[in-house]
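The exercises that follow are meant to be worked with the sequence and the model side by side. Try each task before reading its solution.

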Amino acid sequence: MEGSLLLQAAEEGEIESPSSMEQQRGLLLLFLGVQLLLMGAFLYQNRHRHSFTSFLRVLIQDRPTVGEELPFLVSVSAAQTSSQDVYTNLSQIHPVGVSEEDLPSCPLISPYINGPLKVMIPENLTMEQVVEKNPLVELGGQYRPPDCWTRHHTAVVVPYYGQVQHLQHLLFHLHPFLQRQQLHYAIYVVNQVHTTAFNRGKLRNVGFWEAMQEEEWDCVFFHDVNLLPEDDRNLYICDIFPAHVSVAIDKFNYKLPYHGYLGGVFALRPTHYLRINGFPNSYWYWDHEDHDIAARLQLSGMLLSRPHLLFGRYHMLEGQDPSHQQSPQSPGLLASIHHKWQQDGMNSLGYRRLSKELQPLYTNLTVDINFPTSQP
């Protein structure tokens, strides 16, 4: 009886028959095939003949198993690559002697990307040595590939509280890391005067605001000063979702220290940033900040992206980092955030910029964040 009812329903069009589902599957595959052909024609027309092959290789690469995080765009088997120095092959990058308008477009996948990187910091490193190692970086810490036009424009904002050696090590490692990915980028160091406790969220907000006054960046990476990336397949470009990038830190045995951890390196498109009203200004040190950011994403209806654990690997420089010691989320915290997140963030940011210095490797912003908070 039940079988005859199903058959009757199928005949009347109330449920789809197997043949109808196969037809829909066929149409979907045809649609995807047409999209691939259009993409191929577009790449060919834009002098990216070799990039189409790379694009197809990315599409057919192995997908992670259920429960793993989705990788970023570039994926190469770690077993087939060996770690190399972050400066390897960068001497091959040099100006090509044509105007910016005549530069060819950069390939979809940079030829300088290798995979795992060795974190090797020279002993007694000086800032002058870092400058010498990065001759193509312009004043203020800005870089554009000299031999191709890139479609990716990333600002890196570093909240800073006087960790001089950490900053030197970060600049020594991060500049070549970003150049390997053929990005247009700049590094902004937001330096808080030592009159108040450290407020990472507020410094991030200041860095975003100041960076966007200078360029129309399409991606902003908020980067702790003591984290060095270990794999250049971890692309510093923005996805369709906000991204927590530092998912595998060596100090935490290359796994998240606790559920909900969002510290370290975090990436947002400007539209994402405005949608969550930036970062909270009200947290001093690190207490509950990660929980607040997670709640903002949830309340604004956005998902969180993370790279594959093989790619989002970082070395933490020596020194105390209390960001993983946040207290557990209290039962009433989400309700509290729900009532205040739209009033505590970018729209209530108050600070005074004391100076803006264009250093050889970064833009240094010195600010007083003890300035009265503005009213939205």
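## Getting oriented

The secondary structure of the chain comes to nine helices and 13 strands, where helices (H or I, at least four residues) and strands (E, at least two) are DSSP runs numbered from the N terminus. This is a predicted model, in which local features need pLDDT of at least 70 and side-chain atom pairs count only at pLDDT 80 or more, while totals for chains, interfaces and linings use all residues. Residues are numbered from 1 along each chain as its sequence is written, and side-chain values use heavy atoms, with hydrogens and water left out.

## Exercise 1: confidence

Find which elements have the lowest and the highest mean pLDDT, and where pLDDT stays under 50.

Solution. Begin with the whole chain, whose mean pLDDT (the predictor's confidence in each residue, from 0 to 100) is 79, with 72% of the residues reaching 70 or more. Next compare the elements: helix α3 (residues 49–60) has the lowest mean, 38, whereas strand β3 (residues 142–143) has the highest, 98. Then look for stretches where pLDDT stays under 50; residues 1–18 form one of them, with six contacts beyond four places in sequence, a contact being heavy atoms within 4.5 Å. Residues 41–80 also stay under 50, and for them the model has 64 such contacts beyond four places in sequence. Where pLDDT is low, the predicted coordinates should not be read in detail.

## Exercise 2: disulfides

Locate the disulfides of the structure and say which parts of the chain each one links.

Solution. A disulfide is a covalent bond between the sulfur atoms of two cysteines, and the search takes pairs of cysteine sulfur atoms within 2.5 Å. Over the whole structure this search finds two.

- Cys106 is joined to Cys148, with an S to S distance of 1.9 Å. This pair links distant parts of the chain, 42 residues apart, since Cys106 sits in the loop between β1 (84–85) and β2 (117–118) and Cys148 in the loop between β3 and β4 (153–160). Cys106 counts as buried (under 20% relative accessible area, with exposed over 50% and partly exposed in between, for a 1.4 Å probe and protein chains only) because its relative accessibility is 3%.
- Cys219 is joined to Cys238, with an S to S distance of 2.1 Å. Here too distant parts are linked, 19 residues apart: Cys219 lies in strand β6 (residues 219–223), and Cys238 in the loop between β7 (227–229) and β8 (243–244). Both Cys219 and Cys238 are buried.

As a last step, number the bonded cysteines along the chain, which gives the pattern 1-2, 3-4.

## Exercise 3: a histidine in a helix

Is His175 buried or exposed, and which residues does His175 touch?

Solution. First place His175 in helix α5 (residues 164–180). His175 has a relative accessible area of 0%, and is therefore buried. Finally, leaving out residues up to four places away in sequence, list the partners that His175 touches: Asn134, Val137, Gly141, Leu170, Tyr185, Ile187 and Leu361.

## Exercise 4: packing of the chain

Work out what share of the residues counts as buried, and how much residues 24 or more positions apart add to the contacts.

Solution. Of the 376 residues of the chain, 48% count as buried. Turning to contacts with a separation of 6 or more, residues 24 or more positions apart account for 82% of those in the chain.
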